[in-house]
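Let's take a walk through this one, aromatic rings and all. Have the viewer ready and follow along.

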Amino acid sequence: MTKQAPLQSSDTSPRSARRRVLIVGGVAGGASCAARLRRLDERAEIVVFDRGPYVSFANCGLPYYVGNVIADERTLLVASAETFRERFNVAVHTETEVTSIDLAARTVTLRDLRAGVTRQDSYDVLVLSPGAAPIRPPLPGVDLPGVFAVRSIPDSRRIRAWIADRGAKTAVVVGGGFIGLEMVENLVHRELSVSVLEKLPQVMPPLDPEMAVPVMQHLQAAGVRLQLGDGLVGIEAVRGGGLIVAAESGARLPADLVILAIGVRPETSLAQQAGLRIGARGGIVVDAQMRTSDPHIWAVGDVVEVADVLTGQETVLPLAGPANRQGRVAAESIAGRVTRFRGVQATAVVGVLGMTVASTGASEKGLRRAGTTDFEKVYLHPGHHAGYYPGARPIHLKLLFSVPDGRILGAQAVGMEGVEKRIDVIATAIQFNATVHDLAAAELCYAPQFGAAKDPVNLAGMLAENVLNGDMPLADWAQLGDTEALLVDVREPAEFAAGHVPAAINLPLSQLRDRYAELPKDREVWLSCGVGQRAYYATRFLLQHGYRPRNLSGGYTTYQALKAARLVR
Ligand code: FAD
């Protein structure tokens with residue numbers, strides 16, 4: 001957990017005039033740390049070891065290299081060993097594995113993987129950034145040829161070669177999270193027929209189930225087969241070539257190649273062997289300066305546990321942004337500057353065959369798991385830019401906020417355009433501990449092709465404000481089956497006829513001023529429309545006429561997603 005107080009005293013005085021800083025892992029966290037430290041300390045001796053053949057490569061680009069969107073492997077190399085030497089005077093040793101640490105002697109054991117030679121090296125400061133390893137479950141067949149995980153350039157190269165050499169036509173991706181879906185996109189791009197096997201009943205586990213529905217529909221529309229709520233049992237080789245992926249349900253999915261993308265676990269073996277403190281979530285425990293339980297050792301990136309800024313709980317968050325920022329914080333701390341890693345809030349985005357899926361902060365299921373009850377949520381489906389300008393596409397947005405103070409807790413958005421921009425604004429607001437009132441009042445850029453005078457972020461804030469100040473009492477979709485309330489759909493009759501919530505009656509907003517007396521005053525009236533806007537107008541009207549209306553947030557669009565996710569009856 002990222003604690004405020006240092007775990008240890010800060011005496012890291014060098015044993016010689018030049019401080020010797022060794023860094024294990026030269027990609028996101030390690031490379032950032034090395035480069036930043038050089039900018040702060042020209043005298044330090046900085047040495048980076050990586051057991052792979054490259055440092056500072058773009059892991060995040062690997063799926064796109066498989067998909068041939070990135071055709072030239074060299075573009076994945078952000079900085080070479082030569083760049084580090086020439087630009088930063090940092091020595092880089094690739095294909096060199098750090099196999100153990102001696103805390104008392106302040107030495108590491110190194111193994112040169114090319115020569116097979118082992119040697120010792122000493123440090124004043126050690127930085128661990130070894131990342132996280134893809135999980136390979138101990139199931140039959142996971143090591144068969146044709147079964148891949150994606151972590152390194154050589155991994156991606158092997159997948160590309162397998163597709164080309166075997167003329168692969170079908171693939172099964174096990175795991176429907178970020179990396180799994182990026183692999184799906186890229187395999188579809190390579191014209192493979194792709195199935196996803198996912199243990200949960202939804203793809204994109206960080207999202208609430210109803211928010212994952214448009215993603216699943218989009219995948220299916222693109223011809224991707226979704227085998228959800230079903231776990232991997234094993235993989236079998238078929239005589240004559242090919243693989244069969246066996247699932248718990250008994251399903252047997254044929255594949256020319258299989259991608260395992262069921263998550264990663266922090267690479268803590270070195271730290272564990274050395275006796276560094278490991279936390280409950282399986283990552284190295286560090287303080288806010290990224291220092292471990294040993295005063296001479298810092299750790300950054302996928303290998304550490306850090307605080308979730310919203311819950312205060314420790315978490316592991318294997319994402320590139322935090323790894324880079326932590327590398328910078330560690331360098332500043334090593335250089336003696338006052339610095340602090342703020343924690344994480346799980347801001348993430350993924351592209352899925354043209355659709356964008358992004359989220360930040362807590363999800364509803366995460367809040368419920370943590371026992372939080374004093375929160376509310378609004379759904380909205382605004383266009384990504386002004387409706388009158390051609391090409392507006394809906395953004396499905398869910399905003400979670402605490403009650404009654406309105407602090408923003410999290411947001412999820414799915415759509416074809418403008419999604420990540422809205423989530424980034426809300427993510428920034430969360431970092432400043434902002435409330436929904438701040439979102440309502442935020443001044444955001446607008447021209448017709450980019451947004452709306454009331455941007456979706458403003459709208460989300462305004463809706464939430466309406467809930468907090470009583471202007472728009474909400475009804476809970478989940479209670480549809482149990483309510484005594486009268487359900488009223490205020491869309492026009494043709495819209496109602498095309499599909500509506502069972503048990504709802506139709507009283508169009510356009511007729512409400514003439515017919516409102518037909519509604520009961522002694523019962524709650526739950527109002528819905530297409531996306532929630534007309535129901536809101538109806539709510540305001542009825543409130544001012546002495547009725548007890550509630551708005552079903554997000555309207556029939558949200559209802560359909562909730563129904564598909566089996567969250568409403
Ligand atoms: P890494 O970048 O993984 O670097 C660890 C390095 O340490 C490796 O090169 C490894 O060889 C080396 N190493 C490990 N042990 C030793 C040892 N004992 N001795 C020497 N060297 C060692 N994040 C995002 O935010 N957005 C994305 O779009 C995104 N896409 C991704 C796609 C893929 C396919 C993958 C695999 C990851 C993606 N990530 C993404 C996650 C992101 O890449 C990681 O969070 C980030 O790289 C972590 O940085 P790190 O420094 O902790 O570890």
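Before we start, one cut-off: a residue is called buried when its relative accessible area is under 20%, and exposed when that figure is over 50%. Keep in mind, too, that we're looking at a predicted model.

Let's put the cut-off to work on Tyr559. Its relative accessibility is 3%, so Tyr559 counts as buried. Now find its ring partner, Trp477. With 4% relative accessibility, Trp477 is buried as well. The two ring centres are 5.6 Å apart and the planes meet at 40 degrees, which makes the Trp477–Tyr559 pair a tilted one. What does this pair tie together? Trp477 sits in the loop between β27 (474–475) and β28 (486–489), while Tyr559 belongs to helix α16 (residues 555–564), so the pair links parts that are 82 residues apart in sequence.

There's a third ring here: Tyr556 joins Trp477 and Tyr559 in one aromatic cluster. Tyr556 has company of another kind, since Arg491 lies over its face, 4.7 Å from the ring centre. You can find a charge over a ring elsewhere too: the charged end of Lys521 sits over Tyr547, at 5.2 Å from the centre of that ring.

How many aromatic pairs does the structure hold? The count is 7. One of them is Phe84 with Phe88, a tilted pair with 5.7 Å from centre to centre and 50 degrees between the planes. These two are 4 residues apart in helix α3 (residues 81–88), so about one helical turn separates them. As for accessibility, Phe84 and Phe88 are both buried.

Next, swing over to strand β23 (residues 355–361), where you'll find Thr360. Is Thr360 buried or exposed? Its relative accessibility is 0%, and therefore Thr360 counts as buried. The Thr360 side chain has a polar partner: it contacts the side chain of Gln345 at 2.9 Å.

Finally, let's head out to the surface. Tyr388 is in the loop between β24 (375–380) and β25 (395–402). With a relative accessible area of 60%, Tyr388 is exposed, because anything over 50% falls in that class. Tyr388 isn't on its own out there: together with Tyr389 and Tyr446 it makes up a nonpolar surface patch, and the three have about 340 Å² of accessible area together. So we end with a tyrosine that is exposed, Tyr388, having started from one that is buried, Tyr559.

Conventions: Residues are numbered from 1 along each chain as its sequence is written. This is a predicted model: local features need pLDDT of at least 70, side-chain atom pairs count only at pLDDT 80 or more; totals for chains, interfaces and linings use all residues. Side-chain values use heavy atoms; hydrogens and water are left out. Patches are made of residues with over 30% relative accessible area and no salt bridge: like charges are joined within 9 Å, nonpolar side chains (Val, Leu, Ile, Met, Phe, Trp, Tyr) within 5 Å. Accessible areas come from the Shrake-Rupley method with a 1.4 Å probe; for residues, only the protein chains shown count as cover. A salt bridge is a side-chain nitrogen of Lys or Arg within 4 Å of a carboxyl oxygen of Asp or Glu. Buried means under 20% relative accessible area, exposed over 50%, partly exposed in between (1.4 Å probe, protein chains only). Rings of Phe, Tyr and Trp (its six-membered ring) pair if their centres lie within 6.5 Å; planes under 30 degrees apart count as stacked, over 60 as edge-to-face and the rest as tilted. A charge sits over a ring if NZ of Lys or CZ of Arg is within 6 Å of the ring centre and within 35 degrees of the ring normal. A polar contact is a pair of N or O atoms within 3.5 Å; within protein, one must be able to donate a hydrogen and the other to accept it, and residues adjacent in sequence count only if both atoms are side-chain atoms.
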